[in-house]
Structure formats: structure tokens, C-alpha cells
Amino acid sequence: MYDYNTINVDMNEDIAIVRFSRLKALNALNHEMTLELAELFDKLENDPAVRGIILTGEGRAFMAGADISEMKERDAEGGREFARVSNYAFSRVADISKPTIAAVNGFALGGGLELSLCCDWRIAAESASFAAPEVTLGIIPSGGGTQRLPRLIGSGRAKELIFTGKRIKAAEAERIGLVNKVVPDEALMDEAVKSMREALANSAVALGYAKEAIDTGIGLSLADGIKVEINSVGMVFGSEDRLEGVSAFLEKRKAVFRDK
Ligand code: CO8
């Protein structure tokens, strides 16, 4: 079902482990991988066996950015098309209703950093590093980085990273709020799975509405965001999971959610 040239997918029970796999180019995102990524996330959204998704890279990199070898021949129209297709794929990742974690194992540069920003949270291996080096190539972030990075770490820190293109280590990424946690390299996947399992122990319906309210509200005024939250509360109150969760608490037993 998940058979791609540039991406491998394994299941850890109900968690899909998505591994970028273009080892010869440090998992640089070429056109083929972009299309495969978009198709994969459409399938993951609709696969009831998948409740959470962890993205990581094979080898030395999470993803060393967009494939630079595909950039030389693009003119202004080609550049716009590249950004449009990239953002289409990255939006499939950002908009999926299920929880996502980026388990950043090595270089997360340019588009790799941007893709990690499309995940709900980021856990990094000690040896991971991050940069937005686009200006060193005479371009700018093209996978939503100029928008998502300042929303996550503030505009001053985002501008410093984007204007200098400098590479920072995992510990610094944690200090500025770019990643939630740094762990020893060998513990990365166990930690990511553990973190995802903590979320998946809860109602998937509630997780989906919480994600939607946060992601929609962040682009709105506080007052409009609260309206989104109020509507989302109405939806979760209509779910079977809410009835089960509240009943289980009152009956002093563990809730068994049916994700409905
Ligand atoms: N594109 C194409 N090939 C790459 C890329 C890349 N981004 N990164 C590494 N490679 C290739 C190298 O060319 C090399 O290939 P070969 O063996 O055939 O010469 C191989 O991977 C191994 O790389 P290095 O020999 O350079 O390995 P080092 O350990 O010496 O260096 C680095 C590793 C520091 C990661 C270095 O390879 C590097 O600086 N790479 C480029 C990083 C970069 O600038 N990335 C940003 C690209 S621009 C971008 O991402 C725009 C955002 C687009 C967002 C939308 C997504 C589509």
C-alpha cells in the first residue's frame, strides 16, 4: 500500500513511521519525492489503521533541503511552480488531522527544516542540526518557512536564522523553542514513539479537534480563535468518546475510546 521510491513507511502498531530515503543526496527533496509525499499523506489521512505519524530520515540527514540540482534551470515562472507544488505537498503534511512528530535525526536544512515545521512537534537527536540556508543560494524559504518559522519561534529569531543562513545544533534549537526535546541519537525513535503513544492514549476525535482549533486559530485574532474553539467544543461534546471519557472518570475506570 505504501510503496514509494524515495520514502519508506513501516507500521509500529497504529503509528506510521515515514522515512525519507534518498541516501545519495542526504534525502534532498526532489520533484519525485514531493509528489510521493503528497500522495502518501492523502493515503495516511484516509487509512483507519494509522492514528499517528512520525517523520524521520534514513542515514545522516532528516532532509538536506530541496534538491539543488533541480534548481539551476528554473526561471521566475518555474520558481513559482516549484514553490506551489512544494507547498501543496507540505500542506498535506501540515493539514493531516492525525498527530505528527518530526524525529529529526541529522541535517534538517532548508526544506527539511520547513517540513519539520509542518509537524505538530519536533524531537531532535543530539547530533541533529538546523538551518534555513536559502539566502546563501540567492533564494528564500519556499516551503512555508517565512510564515511558519516566525509563528513558532518569533520573528526576531526567525529573521536571524533566515537572514544569516547559519546552522544551529540541536541544543540551541531546543533553547529557542524550535524543538521540544533533544535526546541521545540512539534514543530518538524510542522517544518519538513514546511521545506519540502518550497522545494516542487519548481520544482521536478530541486530538483532531484540538489540532484543528490550534492550527486554525493561530492565524486569527484571539476573539475569532475563541469562536473556533467554542465550535470545536460543541463537536467533541457530540462524540461517543466524550461520553466514554466522562463516564469512565465518574465510574473510576480507564476510558476505552472508540474514536467516534
Ligand atoms: N540538493 C542536492 N544534493 C544535495 C543536497 C541538496 N540540498 N544536499 C546534499 N546533497 C548531496 C551532495 O551534493 C553530495 O552529493 P555527491 O556525493 O554526489 O557530491 C551528497 O549529498 C553528500 O553531501 P556532501 O558531500 O556535501 O556532505 P557533507 O557532509 O560534506 O555536507 C551538507 C553536508 C552540509 C548538508 C551539505 O551537503 C550541504 O550544505 N547541502 C546543501 C544544504 C542546503 O543548502 N539546503 C537548502 C536547499 S534550498 C531549499 O531547501 C529551499 C527550500 C525549498 C522548500 C520546498 C521543498 C521542496
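This is a short talk on the salt bridges of this structure and on one nonpolar patch at its surface. Please keep in mind that the model is predicted.

I'll start with the charged pairs. The structure holds 16 salt bridges, and I will go through some of them.

Take Arg-22 and Asp-67. Their side chains meet in a salt bridge, with 2.9 Å from N to O. Where do the two residues of this pair lie? Arg-22 is in the loop between β2 (15–20) and α1 (31–46), and Asp-67 is in the loop between β4 (61–63) and α2 (76–95), so the salt bridge ties together parts that are 45 residues apart in sequence. Are the two buried or exposed? Arg-22 has a relative accessible area of 13%, which makes it buried. Asp-67 is at 11% and counts as buried as well. The cut-off here is under 20% for buried.

The next pair is Asp-42 with Arg-92. The closest N and O atoms of this salt bridge are 3.4 Å apart. Distant parts of the chain are linked again: Asp-42 belongs to helix α1 and Arg-92 to helix α2, 50 residues apart. As for accessibility, Asp-42 counts as partly exposed because its relative value is 34%. Arg-92, at 22%, is also partly exposed.

Now a pair within one helix. Arg-84 forms a salt bridge with Glu-81, and the closest N and O atoms are 2.9 Å apart. Both residues sit in helix α2, with a spacing of 3 residues, or about one turn of the helix. Arg-84 is partly exposed, its relative accessible area being 47%. Glu-81 is partly exposed too, at 36%.

There is also a network. Glu-13, Asp-14, Arg-51 and Arg-197 are joined into one network by salt bridges that share partners.

As a general remark, side chains of opposite charge can pair when their charged atoms come close.

That leaves the patch. Which residues make the nonpolar surface patch? They are Leu-222, Ile-226 and Ile-230, and the patch covers about 320 Å². Ile-230 is found in helix α9, which spans residues 222–237. Why does Ile-230 count as exposed? Its relative accessibility is 53%, and the cut-off for exposed is over 50%.

To recap: Arg-22 and Asp-67 are a pair between two loops, Asp-42 and Arg-92 link helix α1 with helix α2, and Arg-84 and Glu-81 both lie in helix α2. The nonpolar patch includes Ile-230, which is in helix α9.

Definitions and conventions. Residues are numbered from 1 along each chain as its sequence is written. This is a predicted model: local features need pLDDT of at least 70, side-chain atom pairs count only at pLDDT 80 or more; totals for chains, interfaces and linings use all residues. Side-chain values use heavy atoms; hydrogens and water are left out. Patches are made of residues with over 30% relative accessible area and no salt bridge: like charges are joined within 9 Å, nonpolar side chains (Val, Leu, Ile, Met, Phe, Trp, Tyr) within 5 Å. Accessible areas come from the Shrake-Rupley method with a 1.4 Å probe; for residues, only the protein chains shown count as cover. A salt bridge is a side-chain nitrogen of Lys or Arg within 4 Å of a carboxyl oxygen of Asp or Glu. Helices (H or I, at least four residues) and strands (E, at least two) are DSSP runs, numbered from the N terminus. Buried means under 20% relative accessible area, exposed over 50%, partly exposed in between (1.4 Å probe, protein chains only).
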